Amino acid sequence: MESEKALELVKKQLTDHRYQHTLGVMETAISLAKLYDADEKKAELAAIFHDYAKFRPKEEMKEIILSQGFPRDLLDYNAELWHAPVGSYLVEKEAGVTDPEILAAIRFHTSGRPGMTLLEKIIYLADYIEPGRHFPGVDEVRELARKNLDLALIKSIQNTIIFLLKKNQTVYPDTFYTYNDLLKNRRID
Ligand SMILES: [Fe+2]
Ligand SMILES: [Fe+2]
């Protein structure tokens, strides 16, 4: 699919603010793909579609999680996580995207997962550091992302976990599994 067509489809699903965020994620994902030798076209499409399901009603998201075989325990954790797996399903069903790597990058962009692919890492990180993001620690991760993708991811997950702990919020176990996996297997060259 051409990016113009993808953007047109996504624009209808999002608020203006979220669409601007999506454009930022797209730019960032393309530059990370260049830097780390990933497929730029796939990075672009995954970024465009990553928040496709962000504004679907909670009831619809719940129904899709239960009926499409996504882990049920997602429903016991922050609803912010749901749009990622639900998005991977709807992007295939409604926009006709079938590339499994793109769908996985959408699916795991909130929780991560152990053994993330290069494309999954790029989308996760692009979502975190796109130019419209302003929060403590984001510049440090931006800088790390230019040097070492895994170290940047580790830092961003540390920040996320600490943020949730300080707010007395639960942390989805996959986020810990992702963190541990990256620490054990990181590429530090
Ligand atoms: Fe998202
Ligand atoms: Fe996002």
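How are the donor residues of the iron ion (ligand 1) spaced in sequence? The pattern is D-x31-H-x25-H, where a donor is an N, O or S atom within 2.8 Å of the metal (3.2 Å for Na, K and Ca), and water is not among the atoms, so sites may look incomplete. The structure is a predicted model, in which local features need pLDDT of at least 70 and side-chain atom pairs count only at pLDDT 80 or more, while totals for chains, interfaces and linings use all residues. Residues are numbered from 1 along each chain as its sequence is written, chains are lettered from A and ligands numbered from 1 in the order in which they are written, and side-chain values use heavy atoms, with hydrogens and water left out.

Now for the overall fold. The chain has 10 helices and zero strands, counting DSSP runs numbered from the N terminus (H or I of at least four residues for helices, E of at least two for strands). Read from the N terminus, the order of elements is simply α-α-α-α-α-α-α-α-α-α. The radius of gyration of the chain is 16 Å, close to the 16 Å from the globule rule for 189 residues, so the chain is as compact as a globular protein of that length. That radius is taken over C-alpha atoms, and the rule is 2.2 Å times the number of residues to the power 0.38. Along the principal axes, the C-alpha trace spans about 40 × 35 × 30 Å.

As for packing, 51% of the 189 residues count as buried; here buried means under 20% relative accessible area, exposed means over 50%, and partly exposed is in between (1.4 Å probe, protein chains only). The accessible surface of the chain is about 9,600 Å², and carbon and sulfur atoms hold 51% of that surface (Shrake-Rupley method, 1.4 Å probe; for residues, only the protein chains shown count as cover). Among contacts with a separation of 6 or more, 61% come from residues 24 or more positions apart, a contact being heavy atoms within 4.5 Å.

Back to the metals. Asp51 (OD), His83 (NE2) and His109 (NE2) coordinate the iron ion (ligand 1) at 2.0 to 2.2 Å. Asp51 sits in the loop between H3 and H4, and His109 in the loop between helix H6 (100–107) and helix H7 (118–129), so this pair ties together parts that are 58 residues apart in sequence. Asp51 and His109 are both buried.

The iron ion (ligand 2) has His21 (NE2), His50 (NE2), Asp51 (OD) and Asp127 (OD) as its donors, at 2.2 to 2.3 Å. Asp51 thus appears at both sites: it coordinates the two iron ions, which are 3.4 Å apart. The second site's sequence spacing reads H-x28-H-D-x75-D. Angles among its four donor atoms run from 81 to 174°, and the site is irregular. For reference, four donors are called tetrahedral if all angles lie between 85 and 135 degrees; four are square planar and six octahedral if opposite donors are over 155 degrees apart and all others between 65 and 115; anything else is irregular.

Distant stretches of chain meet at this second iron as well. The pair His21 and His50 links positions 29 residues apart, with His21 in helix H2 (residues 16–35) and His50 in the loop between helix H3 (40–49) and helix H4 (58–67). His21 and His50 are each buried.

The remaining donor, Asp127, belongs to helix H7. Asp127 counts as buried because its relative accessibility is 10%. Its side chain makes a polar contact of 2.9 Å with that of His21 and another of 3.2 Å with that of His50. A polar contact is a pair of N or O atoms within 3.5 Å; within protein, one must be able to donate a hydrogen and the other to accept it, and residues adjacent in sequence count only if both atoms are side-chain atoms. Leaving out residues up to four places away in sequence, Asp127 touches His21, Val25, His50, His109 and Arg133.

Two loop residues deserve a look for their backbone angles. Asp37, in the loop between H2 and H3, has a positive phi of about 60° despite not being a glycine. Asp37 is exposed because its relative accessible area is 71%. Asn168, another non-glycine residue, also has a positive phi, near 60°. Asn168 lies in the loop between helix H9 (149–166) and helix H10 (173–185), and at 74% relative accessibility it counts as exposed.
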